[in-house]
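Reader: Please take me through one part of this model in detail, and then place it within the whole. I work at the bench, so give the cut-offs along with the terms.

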Amino acid sequence: MNREKINTTAEMASEHGINREEWETILKILGRKPTYEELGIFSAMWSEHCSYKSSKIHLGKLPTKAEWVLVGPGENAGVVDIGDGLAVAFKMESHNHPSFIEPYQGAATGVGGILRDVFTMGARPVANLNGLFFGEKDYERTTYLVKGVVKGVGDYGNCIGVPNIGGQVTFHKCYNGNILVNAFTLGILKSDRIFKGKAEGVGNPVWYVGSKTGRDGIHGATMASAEFSDETEQKKPTVQVGDPFTEKLLLEACLEIMEKDVIVGIQDMGAAGLTSSSLEMADRAMSGIKIDLSKIPLRQKGMVPYDILLSESQERMLFVAKKGCEDEILKIFKKWNLDAVQIGEVTDTKRAEFYFEGEKVADIPIDGIGENAPKYSRLSKKPSRYDENRALDISHIDDLKNPDKVLLDFIGSLNLCSRKWVYKQYDQSVRTNTVFTSGSDCGVVRIKGTKKAIGMTFDINPRFCYLDPKEGTKLAVAESALNLAVCGIKPLAITDCLNFGNPEKEDVMWEFAQCIEGMKESCEAFETPVVSGNVSFYNETDGVGIFPTPSIAMVGIAEDYEKLVKNKFQDDGDEVLVIGELSGNLDGSLYFSEMMGIEKGKIKEVNLPLHKKLISLLLELSQKKLLKSAHDISDGGLIVAIVESCFGETSSIGVSLDFNSEGKRNDELFFGEAPSRVLISLKKENRKIVENLILEKGMKVTSIGTTGGDRLRVKLNGENFVDVEIRRLRERWENGFDSLFEK
Amino acid sequence: MRATVVEFLGSNCDHDMIYFSKEVLKFKTEVVWYSERDLKNPDVVFLPGGFSYGDYLRPGAMASRTPIMESVIDFAKKGGFILGVCNGFQILCESELLPGALLRNKSLTFICDYVYLKAENCDSPYTKKINKILKIPIAHGDGNYFCKKETLKELKDEGRIAFKYVSPEGNIDEKWNFNGSLESTAGILSKNKRVLGMMPHPERACEKILGSDDGKLIIESLISFAENG
Amino acid sequence: MKGRIYVFLKEEVLDPQGKAIEGALSSLGFKEVKKVRACKYFDIEFDDKDLSNPEKRLEEYAKKLLANEVIENFKVEILTKQDSK
């Protein structure tokens, strides 16, 4: 095929998203104009997605180290030591934009990508979580997007056989034009068998394995039709289609090959495909890499080097192997029906060289790309709405009068009702490790052959982050730690997925910086460093951005899974107590948002030292096996936590409560929100000992009633206030999702 | 007992079945690959669940046409015990070791949940020790059992319906027949009652920590049958 | 040679997908729709130089793998005689 050399210009660069200043830097790095392929490489590597150019300065502030952190940010996934020679690798990533365009494939390939990031480290994926954020119920595309995304997440994970054991599903109008799909995977590995993305050892062969390369996801806007006039096929970027079957084979083949002593470094071809995987691998090893693009297995005819370099076809891996192990490698991939080909070798030139049909099409100094990558300290400014929002006067709002009806409506509302419609489409029990799944405060898998269990939780309250990004993020980390601790799991580390609007806007950048500040403070307080993560900017349509959504996923450990604590009432006749304040704050509460449409106020700040004491208290209580159940009091406040605790897996347990309002409004008492509060139930005879343990720590505890019967009964200040059948509450709660499909 | 677990490309419950056989049941367990022909002399063959060949074409279709399945069919003809779970059940139907087929769930969605099972006939090798309603998970998109009227009659007359989906109290109820199976059929037996195919996963209900260990009862029945007849 | 194999559920077998489409069409206002049955087809390119009866060969593909005759019927069709290349 005759390929014409394309003369690159600053204008062409600008179409590639490269600004004037960056163009000048490229000219300086190369000492000449880039080839068209090189321009594509710079464009991909310096994109926001790959270079973190707007966020890097802020991300550097986050704590990333601890004695138990084996691999921090910068690799395919973070790795944390869990003792006895074992470790967990985990990461979270967004697939927001693709999921909005094609919800099924977008969500599916999001799951596929994060799975590869984890097994690349040598870890066997054992659990997934998903954070999904959709627009409001009545928005025309919402139902379609919910169905497609849930099926996509489910089909991919189910086929591969990794259980999905939790996450979050949130509906809000701020996501009408920009849904969020945040996918988390955790894998288990031996702490002395961690694989990294390093191209080490001059002369070692570079291998390509997995699906063939097609024109998937190549940046369409950069394709001027004249450049491809000899082509008949359309050059539009195509939707990436996931093939979980191939990924399953890839997963098993990679894990099998990693048991042999042949792999030097390995990396998934994710965003910016071959380009970023090869450059990053060479960069980490401070080596060079030489690749012959003619050797890449292609799916379509007429693909040019530019396409091959930037294709984002799924289910592909790049690895560097020891020389002389070719037969062993081919044998294993053949067993798994996969084609593996040698496409190049490691060099010592510190350059990335790409050839096609004997001709050099790109030759770039690797540190030039890394060191000179743009880094922006973008302007930020507190938006005026921030202070306006803080003023909320509730004195003119009527207090709660007919609590039975309000409670029925509230518990059945879309942001509070059961998520079973979603998670029953996910395989939660495959791999036979699942101890706690969706519906618990955190997901838990046991580790076979040990007594250990790994807990993981996903948390973010976007409404809080909108009202106060710093406190909202601080609280998300604090609540994640609490979600683990109520189950008896000690927090270890977090991964994040920072979803924001356009970083070139000053108020968005302010929100981002505030969130990082909050995350930093909280992570330092709980000694849960950030070991991996992802930033997703430009979640904005027609100038309307999403609420700041810095999703947090926290991972922790329990040494004995027999001591885990459930979040549902277990038996009749148990004592029910509240640790912390009884009433909360209606500012920014779910109750106001969902039932009154008010999203204003000053959210309650979390007292980090007190919260930390609460975490250690809960761990102590679970160690001593003093609790029957424990549930974090958060969305919807005290009464919602109580009702949720009544709903067992198939049957329900009622509860009779009797307490005083201590001068607070009824709605503050029932639905108010505040950090550091936990609902617990226990055997009556353990009440004194538990109360003493709580009081010793300087925390408040109130006994509020007893489990039993089939009704929710609340006596307030000595008078009957609530009396409703649990069966009725449960019906509304279980069927809340129906409202999405009644159109 | 000696067990053999067959692995196909894409099987994802193979590890669970091996763990169940080896660590929970303490069977001497062999693992054979789909391209092999030697079953390694087992007492029982386990066909695991989970998306062989990605469920492409029809679930179980491609796995049923692999070399190892010829040996499995021979093994069945000689009166060997075979348990196929989920995708394993689909493979058994596709290889015609069991009659009927598994269609898409009536909801058209994948369903993962606990189901409750009632043993219909307590004289089969797999059900003789079962004296209670079993709580066992399902996880499938195509578990809607279908067969011809005449076949169903035959299955019923010959006592070959092993399990039905029921309510936790043990009643037949469409509400608890999640996938829409014909007459709530959850598992069926071959003519000699030595081949059992079922959609629910007994290997996922094998330890209390996982929420149920009712699945063990099915194999305990088999052990007792094999030992005492 | 190019051939096509249609595979469809037998009349007596419930087709939940077809039923769902039926409902969806109806709710879009196409009230005249009475029944929808989904079907799949496979386009197959093959070398027919040693085949005396290519149609029969396609039937074998269908019987051996593509259709499950417990629940499905099939129909075969020759699309082009010449090799498309």
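Author: The account below begins with one sheet and then moves outwards to the chains and their contacts.

This is a predicted model, in which local features need pLDDT of at least 70 and side-chain atom pairs count only at pLDDT 80 or more, while totals for chains, interfaces and linings use all residues. Residues are numbered from 1 along each chain as its sequence is written, chains are lettered from A and ligands numbered from 1 in the order in which they are written, and side-chain values use heavy atoms, with hydrogens and water left out.

The part in question is an open sheet of seven strands in chain A, in the order S8-S10-S7-S11-S9-S12-S13, with mixed pairing. Helices (H or I, at least four residues) and strands (E, at least two) are DSSP runs numbered from the N terminus, and two strands pair if DSSP finds at least two bridges between them. The edges are held by strand S8 (263-268) and strand S13 (359-365) of chain A; each has a single partner strand, so one side of each is left without a neighbour in the sheet. On average, neighbouring strands of this sheet are turned by 20° against each other, direction ignored. Axes here are lines fitted to C-alpha atoms, for helices over the stretch in contact, and angles run from 0 to 180 degrees between N-to-C directions.

One pairing can be followed residue by residue. Strand S7 (residues 205-210) and strand S11 (residues 340-347) of chain A run antiparallel and are joined by five bridges. A:Pro205 has A:Glu345 in S11(A) as its bridge partner. Towards one edge, helix H3 (residues 36-45) of chain A lies across strand S12 (351-356) and S13, at about 35° to S13(A).

Strand S9 (residues 288-292) of chain A contains A:Ile291. With 1% relative accessibility, A:Ile291 counts as buried; buried means under 20% relative accessible area, exposed over 50%, and partly exposed in between (1.4 Å probe, protein chains only). Leaving aside residues up to four places away in sequence, A:Ile291 touches A:Val206, A:Leu274, A:Ser278, A:Ile343, A:Gly344, A:Glu353, A:Phe354 and A:Tyr355. A contact means heavy atoms within 4.5 Å. One of these neighbours, A:Glu353, is 62 residues away in sequence, yet its C-alpha is 6.3 Å from that of A:Ile291.

Just before S11, the loop that follows helix H12 (326-335) of chain A holds A:Asn337. A:Asn337 has a positive phi of about 60° although it is not a glycine, and at 53% relative accessibility it counts as exposed. A:Arg431, which sits in the loop between helix H16 (420-423) and strand S14 (434-436) of chain A, also has a positive phi, near 80°. A:Arg431, however, is buried, with a relative accessible area of 10%.

Chain A as a whole has 26 helices and 28 strands. Its radius of gyration is 27 Å, close to the 27 Å that the globule rule gives for 743 residues, so chain A is as compact as a globular protein of that length. That radius is taken over C-alpha atoms, and the rule is 2.2 Å times the number of residues to the power 0.38. The C-alpha trace of chain A spans about 90 × 55 × 45 Å along its principal axes. Of its 743 residues, 63% count as buried. Among contacts in chain A with a separation of 6 or more, 85% are between residues 24 or more positions apart. Chain A exposes about 26700 Å², 47% of it from carbon and sulfur atoms; accessible areas come from the Shrake-Rupley method with a 1.4 Å probe, and for residues only the protein chains shown count as cover.

Chain B has five helices and eleven strands. For its 229 residues a compact globule would have a radius of gyration near 17 Å, and the 16 Å of chain B agrees. Its C-alpha trace spans about 45 × 40 × 35 Å along the principal axes, and buried residues make up 68% of the chain.

Two pairs of chains are in contact, and chains A and B share the most contacts. Chain A and chain C have no contact; their closest C-alpha atoms lie 10 Å apart. The contact between chain B and chain C takes 14 residues from chain B and 17 residues from chain C. Together these two chains bury about 1200 Å², 68% of it on carbon and sulfur atoms. B:Leu57, B:Arg58 and B:Phe146 supply 38% of the area that chain B buries against chain C, more than any other three residues. Buried area is the accessible area (1.4 Å probe) that two parts lose on being put together, summed over both.
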